Amino acid sequence: MSAPEDLFAFQCKAAKIKIEREFKFHPDRKWRADALLVGYMVLIEIEGGLWVNGRHSRGTGMQADMEKYNAAARLGYRVLRFSPEMVKSGEALQTIEDVMKHMGVKN
C-alpha cells in the first residue's frame, strides 16, 4: 500500500466512511481494487506513478488497467479513479461523499 492510499484510508475513517482496502472483486482473477466503498458497488483506485512514467502511464499498464476496470463494470461496480494529488487536496474524499449522497447513504 502507498502513502496516498494510507492518507485516503485515514480521511475516510475521520469522515466515518467505511472502506475495505485491497478488495478482491473478481471471482476468478486475482485483481484487487485499492478500496471498496462498503455498502455500495463502488471500487476506488488511487493511481500512482502518473508523472514518472510509472505502470499506470505506459501502454501495457494502461491496457491492463482498462481490462480490470471493464471487468469490474461488467460485474456491476462503479470504478472511481483518483491521483495522489486528488487525495491530498481532499477532492477524492469529496467525490466519495457526493457519490454516497447521490446513491443514498447505506453505511
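I will go through one cavity and one helix pair in this structure, which is a predicted model.

Let me start with the cavity. The structure holds one cavity of 30 Å³ or more. The space in that largest cavity comes to about 50 Å³.

Which residues line the largest cavity? Going along the chain, they are Glu-5, Phe-8, Ala-9, Ile-19, Arg-21, Asp-34, Ala-35, Ile-44 and Ile-46. Four elements each give two or more residues to this lining: helix H1, residues 3-14, strand S1, residues 19-24, strand S2, residues 32-37, and strand S3, residues 42-46. H1 supplies the largest share, three residues. If you sort the lining by class, you get six nonpolar residues, three charged ones and no polar ones.

Now stay with H1, and turn to its packing with another helix. H1 packs with helix H4, which covers residues 91-103. The angle between them is about 45°, and their axes are 10 Å apart. Because angles from 65 to 115 degrees count as roughly perpendicular and those under 35 as roughly parallel, H1 is oblique to H4. As for the hand of the crossing of H1 and H4, the crossing is right-handed.

Which residues make this contact? From H1 there are Phe-8, Gln-11 and Cys-12. From H4 there are Ala-92, Leu-93 and Ile-96. By class, the contact of H1 with H4 has five nonpolar residues, one polar and no charged.

One residue to look for on the screen is Phe-8. Phe-8 is part of the lining of the largest cavity, and Phe-8 is also one of the H1 residues in the contact with H4.

That is the cavity and the helix pair.

Terms used. Residues numbered from 1 in each chain as written. Predicted model: local features only at pLDDT ≥ 70, side-chain atom pairs only at ≥ 80, totals over all residues. Heavy atoms only, no water. 1 Å grid on protein atoms, 1.4 Å probe; cavity = no way out; pocket = protein on both sides within 12 Å on 5 of 7 lines; lining within 4 Å. Points joined across faces, edges and corners; volume = space filled by probe spheres on them. Nonpolar A, V, L, I, M, F, W, Y, C, P; charged D, E, K, R; others polar. Axes fitted to C-alpha atoms, helices over the stretch in contact; angles between N-to-C directions. Parallel < 35°, antiparallel > 145°, perpendicular 65-115°, else oblique. Left-handed = near helix turned anticlockwise from the far one by under 90°. Contact = heavy atoms within 4.5 Å.
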